[in-house]
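Open the structure in your viewer and keep the selection panel at hand. We will go stop by stop.

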Amino acid sequence: MEAFLLQLAAGIATGGIYASVALAIVMIYQATHHVNFAQGEMATLSTFIALTMIQAGLPYWVAFAGTLVVSFVMGALVERLIMRPVQHAPILTHVGVYIGMLLIIGNMTGWVFGYTIQMFPSPFEGGKPMLGGLFSAHQLGSVAVTLAVLILVYLFFTKTSLGLAMRAAAYNPRSARLVGIRVDVMLALGWGLAAAIGSVAGMMVAPIVFLDPNMMLGILLYAFAGALLGGIDNPPGAVMGGFLVGVLENLAGAYVVGTDLKLTVALVIIIGVLVLKPSGLFGRVVFTRV
Amino acid sequence: MNALPARFLLVVVGLAAALAPLWALESFHLFQLTLAVIMSLAVLGLNIVTGYNGQISLGHGAFFAIGAYVTSILMAQADWSFYATLPFAAAICGMVGYAVGLPALRLGGLYLALVTFSLAVAVPQLLKHKALEAWTGGVQGLFLMKPDPPRWLTSVLPLNADQYMYLNVLIVSGICFLLAWNLIRGRIGRALMATRDHPTAAEAMGMDIAALKTGAFAVSAMITGVAGALSAVAVEFVAPDSFTFLLSITFFVGMVVGGVASILGSIFGGLFVLFVPNIAESISRAAPGVIYGMILIVFLFVLPEGFAGLVRRLLAKLSSPENPKPQ
Amino acid sequence: MTISRRLLLAGSAGALAAPNIAAAQEAPGVTATEIHIGSTNALSGPVSSYSVISRCLEAMFKRLNDEGGVGGRRVKFTVYDDAYQPPRTLEQTRRLVERDRVAFLFNQLGTPTNSAVHRYVNQRSVPHLFLATGADKWANPREFPWTMGWQPSYRVEAQIYTKYVLEQRPNAKIALLYQNDDFGRDYLHGVQDVLGDRFRTMVVTATNEATDPTIDSQIVQLQAAGADVLICGVVPRFAAQAIRRVHDIGWRPMMFMTNVSVSVGVVMQPAGVEKGVGLITSDYRKDQSDPAWAQDAGMNEWRDFMRRYVPDGDLGDNNYTYGYGAGTTMIQVLRQCGNDFSRENVMNQARNIKPMEVATLLPGIKVQTQPDNYNVIRQMQLQRWNGQSWERFGNVIEGAG
């Protein structure tokens, strides 16, 4: 029984990682109706920037805030310089651009910062395990941060006029322009916010998995699975989805299929969700008019 | 001046260009060109389902891997000849492609891209699995031998193994390209593109969308699978690490840069993905990946229709001012 | 036979007496002023953390050239990127051999990658030296006489651990965590080699992928199986996670870690130095953070080299001590060649290295080869982590050879 609890806890802990990255993915989707394959690499780059600031002597939360700002600017710049010119291009071009960014940012991070793994500090004491040895302080703390970000995002999108405008701009740009929304500004803001959230995910994840340029590679797949499972247009759903994927993947790996098929479990989840309930467990179904 | 002699001339020139490397290039460059032709074939496969039919696949590396492994297992474990394995590899990949095409019916755009991307990421792990190890050789992989040129050929034309491989790859690819071209030119090709551009209208007009889309996946998988089979023999080695998700990304890049929905574009694409990483490496030893990514994005901005689009525009400019199009 | 062929060549060159022939190739990749050596490494992609090895080697050859080269010639060292993909390794190796016409190949990285070129280089009689992989299939002089590894094999390492366990805890239940690739599988085979039939009853295993975010689940699973020994064949990232996790869940097995993942700066400190107390490894290199080597002559030589030629290199990354060892061995072979850098002679010298100490190798552990034994390093020493440094214990152990 204790082993099962430990597995469950491990699943929830990993799920926390997936949930925070899934949130960033959903954020981008809400703001732009795109899924950015390069999200993970951008988050990793932000985390390295944070590390540079911390190593330069800045206190943790100052570096944290600084990274948020830098990531926001990076995201907005990416939108302006790279996404804007291909705005009206077919979806294939967009996917191509994401992949190009994945290659550039991923390799650039490695080139500038090196490939050796690094420690990344946690703002939560992280010394002794808590809750009867099931979780570390950092794991609980990062889940708390993820939930806090989630609440902020949710409030932003539903209760503020700016958030509403952003969603409108993504959902129906033409109509949004007609009511006076500056769609191009909304898009840049959306990318900036998504990059900032991604950087939070990176900074929460790095103390657990250790920081290196390839940190996000494995996580991204599971995060996608989580976002899809919960509903790609539904931030709380995506977070739930992330936790579910973490638990499912760990339990399946430990008790059902063995650890050498865990990636396949993620694949099966993704396919299963999209085939059986494409809007995810918590998403809304959208119909296309001819 | 009617079109027929011009087209005939084009074919002759094309054939000459394809065969010339046998004598003009020495072994290493011929080997590279062989790989490039294989890549072109793989990109052609991808083009059928993504370019012409609009179903975005980021997982074609999986079909490439299946084709490669089917051929390798049959040759290494069951001692089949290379030629016998090809139709088998094509058939199995076709079936797998169809199987992937079925759930794909319910997905569109980005979702399909995500699913196929996940497939690409999961494939190496599946290939390494214990249950299949006895056949696939597990992480250690399987070794093959290139076929030697047969006596009747070498008595007429002295060829070494590399040249013979190039010839084989050329012939097999040529056949596939011809079949694809025929398919695209005809009714099915138009139906594929109609499904891509106006799916709801096409359905309303009574086209069997499901059959078209799954069929497209099957054919696409077959072609990329054959490319995989050819690559296994050209490299004489298969291992799970040869088929990471980077391979699927490579095919995608080749398709986009060469020219989406273009037979010629597939050829350009294959040449691009083989030779440009080397160029990127010579520009920047430290970060070839960055250069490669930048070249990709520049292409997407400046030449969104790829090389093939550029050629098309150049040809159009050449033909329109002086000669009006024949009626 | 080689000598008389060279006499014939020398004779005909003399007979022609054309001065410009001196600048031509005497052997592939060798001119009167230069030796061209080729290599491939994962300079990009997921395993590019090993690319620092190539940087270290480039720096070593630069130092060699600054000091006058070898045999009156400078070394030109070319490394191509294969992104750890076997087909690309073949392409790059063929480029090196057929287009760049290098003299020989040195320290190519990876097992599947080197497998892809294994047959090719032996068919073409190109020395394929000191591969950067611990797989144990490279030491095969009968079937593949041109290929030679360098570091002690992972399989032998696992055998050493298993034998130690059997001595200390004959009725142990052993847990084995290994990476699901050629590297990890060698540990599995090593344990199987020693236990034979007892493997099924004594051992539980769990695997991980290089792309897994964490291995917490695997650790929990292994503990739940009631194991009191844990052997890990995983890369640094997971090693650090494993050490930390094992400690945090209150499990105290006799724990072994592959020597690939025991760097103080890269693994022990991130894990938490107090959490790894008691961890056993078996290494052949000195570790930078071990205070025992603070004044050591060999390590000072290495540190001086790093300071002058790789100033931005991380001293805590033991890929640099690894690279220094491989590079020293290579340079020794070059020196042994005298003035003859033909492929036959290079290979001949490579298979006849008299036992030699290297600055970054532990005392008592020597580099050596014989024509029938291609295991270049065949000794290791068990070490235990005491919270601050690695403490060697026991004797230098010779592996299965």
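The tour below moves from one pair of strands to a chain contact and then to a core.

This is a predicted model: local features need pLDDT of at least 70, side-chain atom pairs count only at pLDDT 80 or more, and totals for chains, interfaces and linings use all residues. Residues are numbered from 1 along each chain as its sequence is written, while chains are lettered from A and ligands numbered from 1 in the order in which they are written.

**Stop 1: strands of chain C.** Select β1 (34–41) of chain C and β2(C). Helices (H or I, at least four residues) and strands (E, at least two) are DSSP runs, numbered from the N terminus. The two strands run parallel, joined by 8 bridges; strands pair if DSSP finds at least two bridges between them. Find C:H36: opposite stands C:K76 in β2(C). Now add helix α2 (51–66) of chain C: β1(C), α2(C) and β2(C) form a right-handed β-α-β unit. Right-handed means that, with the strands pointing away from the viewer, the path from the first strand over the helix to the second runs clockwise.

**Stop 2: chain C against chain B.** Here 25 residues of chain C are in contact with 21 residues of chain B (C-beta atoms, placed from the backbone, within 7 Å). Select α3 (86–99) of chain C. This helix gives the most to the side of chain C that touches chain B, with 8 residues.

**Stop 3: B:V226.** Select this residue. Its contacts include B:L41, B:G67 and B:C176, not counting residues up to four places away in sequence.

Key:
Two residues are in contact if their C-beta atoms, placed from the backbone, lie within 7 Å.
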